[in-house]
Every structure is written in structure tokens, then in C-alpha cells.
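Biologist: I am new to this structure and would like a close look at a single part, the surroundings of the ligand. Please also say how that part sits within the protein as a whole.

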Amino acid sequence: MHRSDTTGPRPAWFFREYEPVGVDLGSAAAVASYDRNQGTDPDADDALLDRLDVVAGTRLVDLACGTGSLVVQAARRGAEAHGVDVSEQMLAFARARAERAGAGAHWHRAGFLDYAHRAGPADVVTTRSALHQLPDFFKQQALLNAAGVLRPGGTFYLWDVIFSFPPADAAEHLGQWIDTAGRPVGEGFTRADFEAHVREEFSTYAWILEGMLARAGFEILAHESRSPTHGEFLCRRR
Ligand SMILES: C[S@@+](CC[C@H](N)C(=O)[O-])C[C@H]1O[C@@H](n2cnc3c(N)ncnc32)[C@H](O)[C@@H]1O
């Protein structure tokens, strides 16, 4: 985790991706409770890695890796696994997880926008529950950067809070999500967390992301909405 993980100075108008947006996940307490709150599940990570054909020797980069479960599971099956995150606290947790698992992984303190990939072109780039940290203009820049990390034909996987409801029905669908997802304090992300997500973070519509993915050089192989508020894109770099 050193300076060469990132590109050089940015213009003054550039998004400050190291400053927290919305729900604060950077504190020691937030990192310690993150896996419980998020429902981190190494078996689910393995199922995703199977879907993405991640095997020994696959070079995988997980952008905004958080506590690093996906990266560690990839490293455990012999992949060259890279975890990238702006949060030193998250990376410290992820590194400890890798050490406990005896899995050699590569950790980079960098952001979607300034991550400079120094290894060979990646076979797979993933990012889950994080692209919404950027406003749409910067999401597009982040997707361009992700495409630049991948080899032609490589796989890009995106999972996030992604809206697929009709815009006119937004209040109804957001209300349903917040009503059902919020947990009591101490048991998970709270109603107030989800309210802050909608108010202060930058989740957007699937149809906007479709255009961004195409403009970043991705072919969309599959798009699935698990619910009106969550979904995934599986893409191939052209
Ligand atoms: C909700 S967590 C998701 C973590 C992990 N991907 C997962 O699925 O559990 C969001 C993560 O994004 C990171 N993050 C926020 N903005 C970022 C940025 N611009 N570039 C890279 N990571 C970022 C945060 O530090 C945090 O670890």
C-alpha cells in the first residue's frame, strides 16, 4: 500500500473520493461491525467466483473491496487477487483476514478514480455495493478506469443499489426498501442508514448505468434486478 498505487495529482474539480460520503463506514466500530451488517458470506463469495470462472492463476481486481472477503476467497483458490479501497481501516481488516486464511493477496489504498493498475491486465474486475459512492459523472470515469484495468474480453461484474423501478414510483419503492431492510440499532444497518443512503449517496437507475457501461467499452452480457432497488450487471470488455 504505497503511493504508486495511485495516479498523480488531480485537477481541483476532481471528486474527493477519500472523503466519506453518506453512511460512515470508515470508523473502527463501523469496520468491526461491517460484515455482520452487510451479511458478508464467504460461501456466497465462492458462488460468485465460480460464476465468474475465477480459478488458480486468474488475475482479479476487486474495486472498493471493503473487508476483503471476496479477495481472500479468490486468493484461497489460487487467483492473483487484488483488493483496492480508499479506507485504510477497511484494508487493515482485509489484510488481517487474508493472514488468518493464509491467503496471499495484494492490497492497494486507492480509489475507483485514481487506482493505477501496475500488474498485468486483469481477467476479472468486480465491484460490489460501492459504485454508488460516486456521482454519475464520476461513475463514468470510474467505469473507464475499470475497463482500462481489464484485458480485452475480460469480465466486469457490478453489484449495487441500482434502481429499476419506474421513476414515477420512486417514493413507493424506496419506502418499501427502507421499511423492510432497516434493523434495530446494534443488529445491522438501520432505517436511518438506508435513509441516508438515498439522501446522501448516489445510487442511480439501471438504464443510466447501461449507457455508462456501453460508453466505458463494455458489452452487457446479463443484467438482473434482484429487487426494484438492487441489481447486477455482468459485462465483457470489448
Ligand atoms: C459498502 S462497502 C462495500 C465493500 C465490499 N465491496 C462489499 O461488498 O462488502 C463500500 C466500500 O467502498 C469504499 N469506497 C468508498 N468510496 C470509494 C472509492 N471512491 N474508491 C474505492 N473505494 C471506495 C469504502 O471504503 C468501503 O470499503
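Modeller: What follows starts with the ligand and then moves outward to the rest of the protein. Please keep in mind that this is a predicted model.

There are 18 residues around the ligand, and the ones that come nearest are Glu17, Tyr34, Ala64, Asp85 and Arg128. Sorted by class, this shell consists of ten nonpolar, five polar and three charged residues.

Some of the contacts can be given atom by atom. Ala64 offers a polar backbone atom that is 2.7 Å from a nitrogen atom of the ligand. In Phe112, a polar backbone atom is 2.9 Å from a nitrogen atom of the ligand. Arg128 also takes part through its backbone, where an N or O atom lies 2.9 Å from a nitrogen atom of the ligand. As for how much of the ligand is covered, it exposes 600 Å² when taken alone, and the protein buries 91% of that area.

Next to Ala64 in the numbering is a cysteine, Cys65. Its relative accessible area is 8%, and the cut-off for a buried residue is under 20%, so Cys65 is buried. Another cysteine, Cys235, has 0% relative accessibility and therefore counts as buried too. As to bonds between cysteines, a disulfide joins the sulfur atoms of two cysteines covalently. The count of disulfides in this model is zero.

Asn37 is a further residue that can be described in some detail. Its place is in helix α1, which covers residues 28-38. With 17% relative accessibility, Asn37 falls under the 20% cut-off and so counts as buried. A polar atom of the Asn37 side chain lies 3.5 Å from the backbone nitrogen of Gly188.

Now for the protein as a whole. Its secondary structure comprises eight helices and eight strands. The radius of gyration is 17 Å, close to the 18 Å that the globule rule gives for 238 residues, so the protein is as compact as a globular protein of that length. Measured out along its principal axes, the C-alpha trace spans about 45 × 40 × 40 Å. Of the 238 residues, 50% are buried.

To return to the part you asked about: the protein buries 91% of the area that the ligand exposes when taken alone, and backbone atoms of Ala64, Phe112 and Arg128 lie at the distances given above from nitrogen atoms of the ligand.

Key: Residues numbered from 1 in each chain as written. Predicted model: local features only at pLDDT ≥ 70, side-chain atom pairs only at ≥ 80, totals over all residues. Heavy atoms only, no water. Near = heavy atom within 4 Å. Polar contact = N/O pair within 3.5 Å; in protein donor to acceptor, adjacent residues only side chain to side chain. Areas by Shrake-Rupley, 256 points an atom, 1.4 Å probe, with all protein chains shown as cover. Nonpolar A, V, L, I, M, F, W, Y, C, P; charged D, E, K, R; others polar. Disulfide = S-S within 2.5 Å. Buried < 20%, exposed > 50% of the residue type's maximum accessible area, 1.4 Å probe, protein only. Helix = DSSP H or I, 4+ residues; strand = E, 2+ residues; numbered from the N terminus. Rg over C-alpha atoms; globule rule 2.2 N^0.38 Å.
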